[in-house]
Amino acid sequence: MQEIFDQLIAKIKKYNKNADFDKITRAYELAREAHKSQTRVAGGPFIIHPLEVANILADMSLDSDSITAALLHDTVEDTDVTLDDIKSQFGKEIADLVDGVTKLGRIPYSSKEEQQIENLRKMFLAMAKDIRVLLIKLADRLHNMRTISSMPEEKQRQKALETIEVYSPLAHRLGIQKIKTELEDISIKILDPIACREIEENIAKKMVQNEAFLSSIEESVKKRLDEAGLKHTISSRAKHIYSIYRKMYTQNRSFDEIYDLFAIRIIVDETVDCYNVLGIMHDMYKPIPRRFKDYISTPKPNMYQSLHTTVIGKAGVAFEVQIRTKEMDEVAEMGIAAHWKYKQNITDKRAGENLIWVRQLLEIQKESEDPDDLMRALKIDMFADEVFVFTPAGDVLNLPQGSTIIDFAYAIHSGVGNNMNGGKVNGRIVPIDYVLHNGDIVEIIRSSSSHGPSLDWLKMCKTSGARNKIRQWFKKEKRDENITRGKNEFEKEIKRNGLSMNDVLKDEIRVPLLNRFSAKSMDDLYAGIGYGGFSLNKVILKVLSECDKQKKQQEPEPAPELAAPEQPEKPQTKNYRGILVEGMDNCLIKLARCCNPLPGDEVVGFITRGFGVSVHKKNCVNVVNNTERDSNQRWVKVSWTQTSESLFTSTLQIVSRDRLNIVADVINLFSTMKIKTSSINARETKDGFTLINVSIEIKSLAQLEFVMNKLSRIQGVIDVVRGMQ
Ligand code: MN
């Protein structure tokens, strides 16, 4: 054991002389003490396991914290050591890492369809929060897989399946080819030993056949590259078992149809050399068409970079050639972990570049972070707006962040939601508005005697799916109640508008009314009003406008030449037509008296009870106050029609210094401008001013502004303002 530990320390010293060896040693001693009564199924004291996990991480040149946490990773789960102990002895950073690894270990697994597996992988990423947690977990799994042969067969298969479905794709996503291939090869041998033995035998046979061939290729390539003055290293190898296996079984090829069984890898110094080497290779051997891939200009999503080509050598044996720089090779093998290697001896500029690389790797689109703080970039928050939880059967559900057990229940099935009485999370009863956390196991308590959802639930759920299903329920289950309630409200309002139900139920009114709301019957309409699907105001407005239309049709059309010009005293409270109401044609309009809007003013409409749409200036106090209180449904968009001959009442207050004849001068101005005044009244204030309030008939905002401008030039006038004061 001490031997393994010494080996570990020596390994770390090679890549990081400044590592915190004191902390690492203390972690080793604590773990050894805590695990001392445990032995491994594979034999030997348990401490071998955390030591080997730490060794795997040291092979990846990871930092002191990762190594320390690796040594401690099983203490909280399996011994008396608590998270607080670790926190007080090693600090929060390491306690968080150990906690993260422990939590990932608790994620249950059972084989699922692909979508479920993908959610499970996302859950790992979402829960890890720090890339190092994933790296420790991967190293943990790798060592467990290396020593799995001592486990019962059934357990081996289960772990192998989980490894191939969850862990090796995670390693792939992080770009750690080295761990990925080893995990896959161990797993596939457990899952399909016969096929694997065949592949191994075939490889061995081919190797014997082609050994001479491969080394001769290596030799001649080396010679050509030396001649060209290209510094390089060459290695050759057979493809790993799982990738051959996958090609054979997913692409249905025979072993002999696998072209790139052998590969030579050429590592050079500079990117430009990669392309030079490629040219030489294609000159020496015949390339197979469409087998060239440039992952240098277009890296894989996990940032893998390399040139790939497949060529045919002497004797017709095809082999793959991979060409890349040393740095690309490290990324290819170690993926995200290669990042620590760079961290050791690099300038700040390079550190920044690597940060970008890490971010791209994780597809995080976040604001730029302090480039000096490498560790911060390792905190992953990839699925910040999602939460992953389990059903009791182990299915993973993916919900928006902030979802409650109500959302969960409806996500399973509306029947589950509608009969929900409560819920349990991780075995404990929780309130119905409990907000779900990653990894929660959620169980919904149902009862057939449940009264159904409550309207409060609408406020507690996060997903529109749940909300819609709750509304649906109210719509369907309470139809009778809704009809009664809706009908009552409707009749009351009809009466208030001086109409009778008999009028409304006539086909001329009823049919367009039902069409407008896509209702099949009056009951449908009442039900809609009852559960709040249609606004009563809009329904009444439609009734009124249809009644209006009917009346119009019965009156004879006035002959065009007799059409009188608009009467100035009329338009205000009558059915004014200079306004368009969005979504409604031909409805009753009145201009609000509180603010007297003029064409040109920005306006909004308010659906009143019984008087059609009342039009206010947008900045009217009543608008500002009401929009906050009232349901938005009653406010509608309105606009002025283009031309209007109507006159509008407008009120002005003129503030003047008190002087003789001021009121007469104001009246004079109006009469010279041919503006009708409907009322004027003036009073003196105690401090020597005259206030004149006047109502005038005005055509437009522009005219009013013109008048106000003229008024303000009258001698002694201090201020002219719109509106009643
Ligand atoms: Mn472990």
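How do the residues of the lining of the largest pocket divide into nonpolar, polar and charged? In this predicted model, the lining of that pocket is made up of 8 nonpolar, 12 polar and 19 charged residues. The largest pocket holds about 960 Å³ of space, and of the 39 residues that line it, Q177, K180, H240, S243 and R246 are the closest to its centre. Several secondary-structure elements contribute to this lining, and at least two residues each are supplied by the helices α10 (153-173), α11 (177-191), α13 and α15 (326-334) and by the strands β1 (232-238), β5 (307-312) and β6 (318-325). Helix α11 gives the most to the lining of the largest pocket, with 7 residues. Because both domain 1 (2-174) and domain 2 (193-339) give residues to the lining, the largest pocket lies between these two domains.

The second largest pocket encloses about 720 Å³ of space. Of the 30 residues that line the second largest pocket, D74, K137, D140, N144 and K159 are the closest to its centre. The lining of this second pocket divides into 11 nonpolar, 8 polar and 11 charged residues. Helices α5 (75-78), α7 (92-105), α9 (131-146) and α10 each supply at least two residues of the lining of the second largest pocket, and the largest share, 5 residues, comes from α10. Helix α10 is thus named among the elements that supply at least two lining residues for the largest pocket and likewise among those for the second largest pocket.

Two of the residues closest to the centre of the second largest pocket, D74 and D140, also appear in the metal site, where the protein donors of the manganese ion are H49 (NE2), H73 (NE2), D74 (OD) and D140 (OD), lying 2.2 to 2.3 Å from the ion. In sequence, the donor residues of the manganese ion follow the spacing H-x23-H-D-x65-D. Among these donors, H73 is buried, with a relative accessible area of 2%, and D74 likewise counts as buried, at 14% relative accessibility.

Burial was also examined away from the metal site. Helix α19 (residues 405-412) is largely enclosed by the rest of the structure, because 6 of its 8 residues are buried; the buried residues of α19 are I405, I406, D407, F408, A409 and Y410. Among the cysteines, C274 is buried, with a relative accessible area of 0%, and C547 counts as buried at 14% relative accessibility. With sulfur atoms required to lie within 2.5 Å of each other, the count of disulfides comes to 0.

Backbone geometry was considered next. Most residues other than glycine have a negative phi. Against this background, N252 has a positive phi of about 55 degrees although it is not a glycine, and S518, also a residue other than glycine, has a positive phi near 50 degrees. N252 is found in the loop between α13 (241-250) and β2 (262-268), whereas S518 is found in the loop between α25 (507-516) and α26 (522-531). N252 is exposed, with a relative accessible area of 69%, and S518 is exposed as well, with a relative accessible area of 67%.

Methods:
Residues numbered from 1 in each chain as written. Predicted model: local features only at pLDDT ≥ 70, side-chain atom pairs only at ≥ 80, totals over all residues. Heavy atoms only, no water. Helix = DSSP H or I, 4+ residues; strand = E, 2+ residues; numbered from the N terminus. Buried < 20%, exposed > 50% of the residue type's maximum accessible area, 1.4 Å probe, protein only. Donors = N, O, S within 2.8 Å, 3.2 Å for Na, K, Ca; no water. 1 Å grid on protein atoms, 1.4 Å probe; cavity = no way out; pocket = protein on both sides within 12 Å on 5 of 7 lines; lining within 4 Å. Points joined across faces, edges and corners; volume = space filled by probe spheres on them. Nonpolar A, V, L, I, M, F, W, Y, C, P; charged D, E, K, R; others polar. Domains from an automatic or database assignment.
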